[in-house]
Amino acid sequence: MGKGFKGVGLKKKRKRNVNAEGGGDPPFPVGVEKPVPEQQGIFLHQADVGWTPTAIVALAATEDGCFVAAARESGAIEVYETSDEFPTFSLAKVIPGRKGAAISSLLWAKGGKGRWRLLSGGLDGFIVEWDLQTLDVKTSETAHGGAVWGMAMKTSKDGEQLLAAACDDGSVRVFVVEEDGGILLKGSMMSDSERCLCVSWETKGTRLVSGHSDGCIRVWETDGTTRGSAGHEVQKITLLRAVKKRHLAPGEGRKKPFKESTAAERFGSVWCLLFLSDGTIVSGDSNGRVLFWDALYGNLLFEFHKHEADVTALMATHDEKGVMASGVDVRIAVFQHLLPRDGVGKWVYSHAKRPHTHDVRALLAFRRKEVEYLMSGGQDTRLLWLAATKQNAAQQFLLGRMQCAVKAPEACKYQVVELGEGGNRVLISSGHRTVDFFGLHGDPNESDRDKPDGEELATHENIRHLARVEMEDECHLVCSRLSWDGKFLVTSTLKQLKVMEVAGLSESVNSADANVWGSSESRLSVKPVKIVGAKPAVCLTFSSDSRLMYAADTNNSVTIVNLMTRKIEGVVHLKEPRRSEGGNGPELSPIRNGISGMVVSNGERWVACVAHNRVHVYDVKEQEFHATFTLAGQVACATFAGASSLVVVQVNKRVTAYHVPSMSITQWSKENPVKLDATFGRVLGVEFIPRNECQMVLYTEESCSNVTFSRPLQNHKAMEKRQRWNSVADEPGMNPRVVHFPGSSSVLHAEFMGNGALMMVRGDWKRVLDTLPPPIYRVRYGLS
């Protein structure tokens, strides 16, 4: 096995009697004085199994900036929530993808009672509204014109929400999005152009602009239209006008005369458009140009050739003083609007950055209160963002550094299962439509426990692939789980829950023959088991004896299934608040509703379900709903310490402990508020050290934090900079203690094994980049 280290746990022995409210279990004993177990070191072992995320193809934000949606090539849609406390993003919902999905654009529309509705357009020719609670299709309407290449939304003077769709037949279809959920076709704007690739509404006005694959840009007037027609054409612009334009002033345009232009430059495709409030149209085409047009007369105002390949994405800042363009050549170019003394404004090229490694396919700018966000995503699968003040956001893009919203996008779901007392374990990895079994053979080397702190971590040497179970469903997996005895594998999509009996798992781990991916020689086999009445689930867990399975669905109910009798023992419906705080606000948003995680206490007395900023607790013994703990911010994860103590971790890294029977916060948590440093990535999970429930390990995408509940915290300043794990300050009494893992790897999962060692699954980002198509070749002068 891999080498261990003692760098996380403090080595000083300490015993202390703790009195707190409620409980009876460490770390919250009540009524009796009980010695706290000795603080132990944590021995970490890591495995690298890899994962394959997909590209970001579309971005959209709500008008108030509360939510951002990102569509991926796999068909999955991620919904992020912006924070009021500090500029950051938290993953609120993930709509699973499906086989053959081809989303091209995303939009947010206003719904009734203050809710937001998410719509997508795809190359399958449908406009789909998604149910943000059930994560499934709510309504679907055909575009009546083939594939949908782009969409744009605007609210008319009458309060109608108008959706314009760029269709494959060259037309623009306009739909009315009603508050009650309907999507009705208002009319069509037909043209003799080829495929329509993009559309954009005028920021302040009733005009609409469309871009086509034959190099045409058409301006439409939608005010005062007749029945059956959504608008009429008022201007036609061709990219040929930009080619015919002669030599411009230095730095403002092309320097080649018309006779040197090639045929490819005369006929390009318009990939993206912006329609500014002053009547200026900004276009990006397949020749790498960013063009500024006068919408009234169709004249070319400014031309910039700052890209080496297609420009596929444009965005404008909220004050429209900055425009950013990017595409296949990775470069994000910034153009700023200057207003000289003579009062005649002009657009100039400002600067450029390359935060991505591959093609940029989506750009987004939106405002959240006093903060303006600039976001980008593309082929390298990363969603990057930058927070700026509302003054001169384009200039701050040059000075600021873009951050990654999620360092491990579309990560697989992992689980470690012990197989008997022989030291053999199985690592389960669940992908989009597959479940892989890895064997972890043997126990940790006892000599590793005596290694000095700072020893370099080693990858788990005795890990090998055992088998792969492929699903036939078109929908991607939402969750999957292996029972603790290794006899049952449960998977679920949004359509169906499947229970399979597993045979030959222990023999496969003990076998000396390593199986290759997809090998048919594996000794592992699965057999379907029918459970009558079982509903699709979003979260799964098992009792310690693997007799009971707990399945939570999108309707906030938990189903208890007895795997021995193959029958449902009970269903509990969790209570959700109907209105916001005060009782006078809008109903609870579906984005902030729905179960996202579930844990079971020791002894199987309590089951806790995480739902945004609430944790619902169900009493298994009495078979009734017990309590709901409501927090100020979104909950990242939760776990039980002992039989009755619940520890909740929020996305802002605040740690709160509750005593479940008394439904109150523990005295220790009141006196010692824990908030970890916000610089160590997104919270992934929390675990208590086996046989020592006074020590908790909270792991993020790039760090591991140790919190000890056996003594009060000491005041100390936050770390001024990130430190390597082998140089963490060893201050006496420092708690919590943070261990940072440097390098290109991201933490995907961490879980304690039966021997007390922490098994951490990490993914190497360099391997992910190697699986992507190569980016455009760029000449780097001075390099061979």
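Here are legends for a few close-up views of this predicted model.

**View 1. A look inside the largest cavity.**
Let's start with the empty spaces: there are two cavities of 30 Å³ or more. The largest cavity holds about 60 Å³ of space. Find its walls by looking for Leu497, then Ala534, Lys535, Pro536 and Ala537, then Met549, Ala551, Ala552 and Asp553, and finally Thr559 and Val561.

**View 2. Who builds the walls of the largest cavity?**
Two strands, β39 (548–552) and β40 (557–562), each give two or more residues to the lining of the largest cavity. β39 gives the most, with three residues. What kinds of residues make up this lining? Eight are nonpolar, one is polar and two are charged.

**View 3. An open sheet of four strands.**
Now hop over to another part of the chain, where four strands line up as β2-β3-β4-β5 in an open sheet with antiparallel pairing. Why is one side of β2 and of β5 left without a neighbour in the sheet? Both β2 (56–61) and β5 (89–95) stand at the edges and have a single partner strand each, so one side of each stays free of a neighbour in the sheet. On average, neighbouring strands here are turned by 20° against each other, direction ignored.

**View 4. Zooming in on β3 and β4.**
Strand β3 covers residues 67–72 and strand β4 covers residues 77–82. The two run antiparallel and are joined by five bridges. To get your bearings, pick out Phe67: the residue opposite Phe67 is Glu81 in β4.

How values were computed: Residues numbered from 1 in each chain as written. Predicted model: local features only at pLDDT ≥ 70, side-chain atom pairs only at ≥ 80, totals over all residues. Heavy atoms only, no water. 1 Å grid on protein atoms, 1.4 Å probe; cavity = no way out; pocket = protein on both sides within 12 Å on 5 of 7 lines; lining within 4 Å. Points joined across faces, edges and corners; volume = space filled by probe spheres on them. Nonpolar A, V, L, I, M, F, W, Y, C, P; charged D, E, K, R; others polar. Pairing = 2+ DSSP bridges. Axes fitted to C-alpha atoms, helices over the stretch in contact; angles between N-to-C directions.
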